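Let us take a friendly walk through this structure, one region at a time. Please keep the sequence and the 3D view open beside you as you read.

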Amino acid sequence: MKISVGYLYPDIMATYGDRGNVETVVRRCGWRNIAVDVTELRLGDPIDSEALDLIVIGGGGEAQQRLVAPDLCRVKGAGIREAVALGAAALAVGGGYELFGRFCQQERGAELRGVELFDAWTIRQRAVLGDHYGTISEARADRAIGELVVRWGARLLVGFENHGGGTYLGPAAQPLGQVLSGHGNNGDGFEGVILANAVGTYLRGPCLAKNPALADFLISAAVTRRYSAADLPPLADELEQAAHDAAIRRAVEATRAGRGKLRRARFAKAGLAPARHARCTLARAALRLSAQRPGGGSAHTSGVRARSGARR
Amino acid sequence: MTLSSAGVAGVSLAASARRALAVSAGKAARSGARRLRRGNGTAIPGQVALTIDPGALAGLVGEITRGSVLVTGSNGKGTTCRMLAHVMRDAGLHPVVNHEGSNQRSGLATTMVAHSTPTGHLPADGQAIGLFEVDEGSLPEILRHIGRPKALVFTNIFRDQLDRYLEPAYITALLERAMRRLPADTALVLNADDPRVAYLAPDLSNPRIYFGMEDTDAGRGAADPTSDFPRCPRCDGELSYTCVYYAHLGHWACMSCGLARPRPQVSVTKVDLAGPSSTSLQVVTQTADIVLEIPLPGLYNAYNALSAVAAADRCQLPDRSLSAIEQITAAAFRMEKVRVAGHDVYLALAKNANGYTEVLRAVLGDRQPKRMLLGLNDFPGKQPDTSWIWDVDFGSLAGLVPAPVVSGNRAADLAVRLKYAGWVEAGPWTDLAVEPDPVRAFQIALARTPPGQPMWVVSTSDVLLQVRRWLRQQGYVRALWREQRGPARWQA
């Protein structure tokens, strides 16, 4: 069995260890004896929509976005849309997520045309790299930075977010999940976007390593596209789960430590889940997760061991 | 005396009284902080002095007879400073160095307060020269106080502490804006191998001195996986490399506009990375050609020695003093060696992707398996992101560390990273231990190390600070003033 991964702009869109997402897919496939053929797609390289089973693009700042946007639009856009329409999976993170929408606003209001895969667009409240920031703390204050916890169906996704843009979804777009802690798309309580097997998200970390469920969703979609069906044997994910649980615990602690007030207010303002409810959901989820593991939260349990071979 | 000159005298008298008060209050704060066991007080004394007299730092630095040299950049500025201080002392100068203070504004002020007399002046010393390590993010602020440095040394610019500094593009823009304030005679000592540094503020007419590696045998040939692939600093085009030393440092040229690495005036013509504890390099300047044997490992330390030589050359220090660089000893956490229960234990700080990679390469470069405790921690509210560990080149070193122990409040993330880099399933002994508590992790790692064999602790700061505190309590190491400081203040 073999799937084909197209990795977009590995030399440009690779902030925040984003190449780790591709590494995660390759390893998790390898442990299941699925071969992975990774094609690095740089500026000028076309997309073979028939051949690709999974398309991955990482994040980047405005300078990187300006560099790749024309190429994404003219050279690769149609191929990406076609591949997804044919059932291919896709993961777009951060700056790449913003560019997979209709347009993405840059500093001083200029707009970059996107791939138009997602019915979404990104507005930058204020410039991030503009000259008007005298100090780092000024520049930092304009960004959404911190742990992000998202409810995705029956599961939780965790990650780190750091973005200066707010992404808004059009009527045709479905958010990936609901924000339990953090900022998400634009503070309206939702995070990311999902269209068939294509996922756009602000989750970093890199997100697939700490969210094996999301990784397996994409792998399963890619295998299904190639072989019409996928039956992925489960892997021993103790280490991944421990990192996942630790991220949730950090978010819960941050919520308890007072910054939660702001968050609760934001939930209430958005008229979504009642604020208290959102917090309880998060705490309950964390409790449930720690109850599932013998001996409570495993990240703080000493001597968690992974023996050779990742198969259970 | 006319009325107006009396007024001027009165003002200057008031100013000098204020300076004296600021210095005295700063000194009092320093001894108070020490007595309260709040460490040496590396920021508070400076803060106190600057609150009383905002001009204290500028005034006191202005009294340094032979002017000041500032060293800034992402990695290596501390070691470069300490190497340069050895050369200066050997040349008969008396460097005023901020080894004690932090590398931000208040830390520099603390250093100056410590060197001043209670009357608010530096003791008259014709051989005094300032040598300051400056946090790259603080350079604009520092240049407002130290307006006329003799030389400004830039070691390199890496993507570092992303959530704090945003991006290299932001940092270079910040530095360039600050550099516009420099007087025309301040020399810029620049790393030719770093395209971001080499092309800083190209329109300034200041003298530019480039340093770089010429020994292509020490290069990695192809692109380094830890590189963040900077684009051409002039036209944003793609850069091509004929030789990569590490990350994005190497012999670069732009494929679009033809901008290329400038020819360095000070260069390393031969480097021999002798092993996990020393390096030999041949350095050539316009007047000197010397071989330095430095007791520190890794290509990054060769770069540190190179930038120190370039700065010394620019300051016209005698060539015979350059060999004083060999007197460098490992600073705390810079491959610092501690003898513990029959083992040589090396403590090495790795604070970002390139630092982590280069430390591991320095230790494991001989491809001999070694015992290791690896740590990762974040600073909640300051630097919560640790995704940079995915840019560390663990992959090529898989199988070289039997039974690694991982620690720190982000140990779980590091364990996942090692698993996906193939560290868990490669080699015969791959039992990975995850222990967030640094002291317990250290004990596990030590117990796993066969008798008499060395062990390395490679980590971000918090794990190292806790291990070292425990080592001090056990009597293995001396107290360290830095140990008392909060980890978030840890200086690079």
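**A sheet, some rings and a cavity**

In β12(A), A:Glu191 is the bridge partner of A:Gly177. Keep in mind as you look that this is a predicted model. The bridge just named belongs to the pairing of β12(A) with strand β11 (residues 177-181) of chain A, which is antiparallel and extends over two bridges.

Now step back to see the sheet around this pair. Four strands of chain A make up an open sheet in the order β9-β8-β11-β12, and their pairing is antiparallel. At its edges are β9 (155-163) and β12 (190-191) of chain A, each of which pairs on one side only. Strands of a sheet pair through backbone hydrogen bonds, and this can happen in a parallel or an antiparallel way.

Strand β8 (residues 144-152) of chain A is a good place to go next. How many of its nine residues are buried? The count is seven, so β8 of chain A is mostly covered. Towards β9(A), strand β8(A) pairs in the antiparallel sense over nine bridges, and A:Gly146 stands opposite A:Glu161 of β9(A). These two strands form a hairpin with two residues between them. Look in the turn for A:Gly153, which has a positive phi of about 60 degrees. Towards β11(A), β8(A) is joined by three bridges, again with the strands running antiparallel. A:Arg151 has its bridge partner in β11(A), namely A:Gln178.

Let us turn to the aromatic rings. Over all chains, the structure holds 14 aromatic pairs. One of them is formed by A:Tyr97 and A:Phe118, edge-to-face, at 6.4 Å centre to centre and with 70 degrees between the planes. A:Tyr97 belongs to helix α3 (residues 95-99) of chain A, while A:Phe118 is in the loop between β6 (111-113) and β7 (120-124) of chain A, so this pair ties together parts that are 21 residues apart in sequence. Are these two rings buried or exposed? A:Tyr97 has 1% relative accessibility and therefore counts as buried; A:Phe118, at 2%, counts as buried too. Ring pairs also link A:Tyr97 and A:Phe118 with A:Phe100 and A:Tyr202 into a cluster.

Chain B has an edge-to-face pair to look at as well: B:Tyr246 and B:Tyr303, with 5.9 Å centre to centre and 75 degrees between the planes. This pair links distant parts of the chain, since B:Tyr246 is in strand β7 (residues 239-246) of chain B and B:Tyr303 in helix α10 of chain B, 57 residues apart. B:Tyr246 is buried, with a relative accessible area of 2%, and B:Tyr303 counts as buried at 4% relative accessibility. Elsewhere in chain B, a ring has a charge for company: the charged end of B:Lys370 sits over the ring of B:Trp456, 5.9 Å from its centre.

Our last stop is the empty space inside the model. There are twelve cavities of 30 Å³ or more, and the largest has a volume of about 400 Å³. Which residues are the closest to its centre? Of the 33 residues that line this cavity, they are B:Asn75, B:Gly76, B:Tyr300, B:Asn304 and B:Arg334. Elements of chain B that give two or more residues to the lining are α4 (77-90), α10 (299-314), β12 (334-340), β13 (343-349) and α11 (353-364). By residue type, the lining of the largest cavity divides into 13 nonpolar, 15 polar and five charged residues.

Technical notes
Residues numbered from 1 in each chain as written. Chains lettered and ligands numbered in written order. Predicted model: local features only at pLDDT ≥ 70, side-chain atom pairs only at ≥ 80, totals over all residues. Heavy atoms only, no water. 1 Å grid on protein atoms, 1.4 Å probe; cavity = no way out; pocket = protein on both sides within 12 Å on 5 of 7 lines; lining within 4 Å. Points joined across faces, edges and corners; volume = space filled by probe spheres on them. Nonpolar A, V, L, I, M, F, W, Y, C, P; charged D, E, K, R; others polar. Pairing = 2+ DSSP bridges. Phe/Tyr/Trp six-rings, centres within 6.5 Å; stacked < 30°, edge-to-face > 60°. Buried < 20%, exposed > 50% of the residue type's maximum accessible area, 1.4 Å probe, protein only. Lys NZ or Arg CZ within 6 Å of the ring centre and 35° of its normal.
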